[in-house]
Amino acid sequence: MTEAQHDQGTNKRRLVLIRGNLDMLNLFSDQLKQGLLELGYEIFDFDLSQHSESLGQFLEYVQKNPVTAMIDFNSTFFGTTLPSGENMCEVLGIPSINILVDHPYWYHDKILMHTPSNGIVLCVDRNHMNYINRFYQNIACTGFLALGGISFSSTHKQISERKTDVLYAGTFKTNNVSNDFSDWDFPAKQIIEHLLVHTEDTVEAAIEQELRQAGIVLPDEELRKFINSCAQIEHIVDSYYREKIVGSIAKTGVSLELYGAGWSVCDWVNLPNVHYGGRISPEEIILKMEDSKIVLNSMPWFRDGSHDRVFNAMMCGAVSVSETSKYFEEAVSPDAWVPFDLSYASLSDLPKRITELLSDEDRMQQIAFAGHELAASEHTWKARALELHRDLLSHL
């Protein structure tokens, strides 16, 4: 079906997109909006930073004609209640689509327990979707929507023309994996040790297995509460491997540009080949990808999901060297990126693989070209807008 046919089919159906205070989520929203506009949707932007003004305009907008849906990322807005105590989305009769870009256990109180009855929660990892289906019976509809790739340029430098050898962008939160955790109220040490060995497992799977190993079987509601109390384990094991991955590349001596909060605590960050620039905006990161040969990526603890950095790197014409996931193994052809996993053998080999890549610009150019072709055709936010229209919005 052509885009023109999609335009006729939508017949200017109306949407509300909500913007908040997080620049990354607003960037996603802006990109998704452009794709939806191309499909013929009419869109009202609700700006939470100007809440009072936007609320009045929003109420006028929804009273004029029917609204197909409201869409937001990590939204707490959909739990808004009226003075009567009723949920606003339910009273207005507008389906609310909440796209969670993190694991659901971070949003138990803020979002999931306050999802309206006409709420739909989409996840960027299929394990997250399964988690919601199991533990949140109050949410009637869930789904999977991968993140999309972004580039601000229609033309890209050749690999040989790029200034930066390796770029890494991401937050470093904590790395206290060696603590004894004796003051914690749950067996954190065993759970962390489990995940460091079984890196393919989700945090929730590791928790449940360790409880069963100890002879403890909890009903789902109690298990969910326990998992929520352990959520910070994700940051511990994730940061442990982030430091291991990025540090191993820094110590090879290759030129590394590093961005994101928290890395100043690492001793190797002061090496002469490392440029640490702290936190910069998502737009600046994408512009730097346009001038990078290799974009290195570690995943959050997503075992069957997506991350925008992989597709952003491809869209910017760089070589994407990334930790893999079940979803990426299905969605990305082997010639379009350089994947690795968290096994000892794979991580030990990663510095050599990157140094060998940097010495072979022809091979890097081939990978970058294949990655760009794949991402530009299948993994843009325009493609995600089409998925959203085809699989969900057209049925509302």
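**Exercise 1. The second largest pocket**

In this predicted model, α2 and β3 (69-73) each supply at least two residues of the lining of the second largest pocket; work out which element gives the most to that lining, and describe the pocket's volume, centre and residue classes.

*Solution.* Begin with the space itself, for which the computed volume is about 350 Å³. Next, take the lining, which consists of 17 residues, with Leu-22, Leu-25, Phe-73, Asn-74 and Thr-76 lying nearest the centre of the pocket. Between the elements named in the task, α2 is the one to choose, since it gives the most to this lining, with 3 residues. Finally, sort the lining by class, which yields 7 nonpolar, 7 polar and 3 charged residues.

**Exercise 2. The largest pocket**

Determine which helices each supply at least two residues of the lining of the largest pocket, and how the residues of that lining divide by class.

*Solution.* The volume of the largest pocket comes to about 1,000 Å³. Its lining comprises 41 residues, and those closest to the centre are Met-24, Asp-102, Thr-171, His-307 and Arg-309. Turning to the helices, at least two lining residues come from each of α2 (23-38), α9 (233-250), α10 (282-289) and α11 (308-315). Helix α2 therefore belongs in the answer here, and α2 also supplies at least two residues to the lining of the second largest pocket. The division by class is 21 nonpolar, 11 polar and 9 charged residues.

**Exercise 3. A sheet and the cavity**

Give the order of the strands in the sheet that contains β3, name its edge strands, and then establish which strand gives the most to the lining of the largest cavity.

*Solution.* The 6 strands form an open sheet with parallel pairing, in the order β2-β1-β3-β4-β5-β6. At its edges are β2 (42-47) and β6 (141-144), each of which pairs on one side only, and the twist from one strand to the next averages 25 degrees. Within this sheet, β3 and strand β4 (residues 96-100) run parallel and are joined by 4 bridges, with Ser-96 in β4 as the bridge partner of Met-70.

For the cavity, a search of the whole structure finds 1 of 30 Å³ or more, and the largest cavity holds about 60 Å³ of space. It is lined by 14 residues, among them Phe-78, Asn-98, Ile-111, Thr-115 and Pro-116, which lie nearest its centre. Both β4 and β5 (119-123) supply at least two lining residues, but β5 gives the most, with 3 residues. By class, the lining of this cavity divides into 5 nonpolar, 8 polar and 1 charged.

**Exercise 4. The sheet that contains β7**

Explain why β9 (274-276) and β12 (338-340) each have one side without a neighbour in the sheet.

*Solution.* First write out the order, which for this open sheet of 6 strands is β9-β8-β7-β10-β11-β12, with parallel pairing. Strands β9 and β12 stand at the edges and each has a single partner strand, so one side of each is left without a neighbour in the sheet. The twist here averages 20 degrees from one strand to the next. As an example of the pairing, strand β7 (residues 164-169) and strand β8 (residues 256-259) pair in the parallel sense over 4 bridges, and Leu-167 stands opposite Glu-257 in β8.

**Exercise 5. Helix α15**

Identify the buried residues of helix α15 (residues 381-391) and the contact at its start.

*Solution.* Applying the cut-off of under 20% relative accessible area for buried, the residues of α15 to list are Trp-381, Ala-383, Arg-384, Ala-385, Leu-388 and His-389. At the start of the helix, a side-chain oxygen of Thr-380 comes within 3.3 Å of the backbone nitrogen of Lys-382.

Note on methods
Residues are numbered from 1 along each chain as its sequence is written. This is a predicted model: local features need pLDDT of at least 70, side-chain atom pairs count only at pLDDT 80 or more; totals for chains, interfaces and linings use all residues. Side-chain values use heavy atoms; hydrogens and water are left out. Buried means under 20% relative accessible area, exposed over 50%, partly exposed in between (1.4 Å probe, protein chains only). A polar contact is a pair of N or O atoms within 3.5 Å; within protein, one must be able to donate a hydrogen and the other to accept it, and residues adjacent in sequence count only if both atoms are side-chain atoms. On a 1 Å grid over the protein atoms alone, a cavity is a set of points where a 1.4 Å probe fits but cannot get out, and a pocket is an open set with protein on both sides within 12 Å along at least five of seven lines; lining residues have an atom within 4 Å of a point. Grid points are joined across faces, edges and corners, and a volume is the space filled by probe spheres set on the points. Ala, Val, Leu, Ile, Met, Phe, Trp, Tyr, Cys and Pro count as nonpolar, Asp, Glu, Lys and Arg as charged, and the others, Gly among them, as polar. Two strands pair if DSSP finds at least two bridges between them. Axes are lines fitted to C-alpha atoms, for helices over the stretch in contact, and angles run from 0 to 180 degrees between N-to-C directions.
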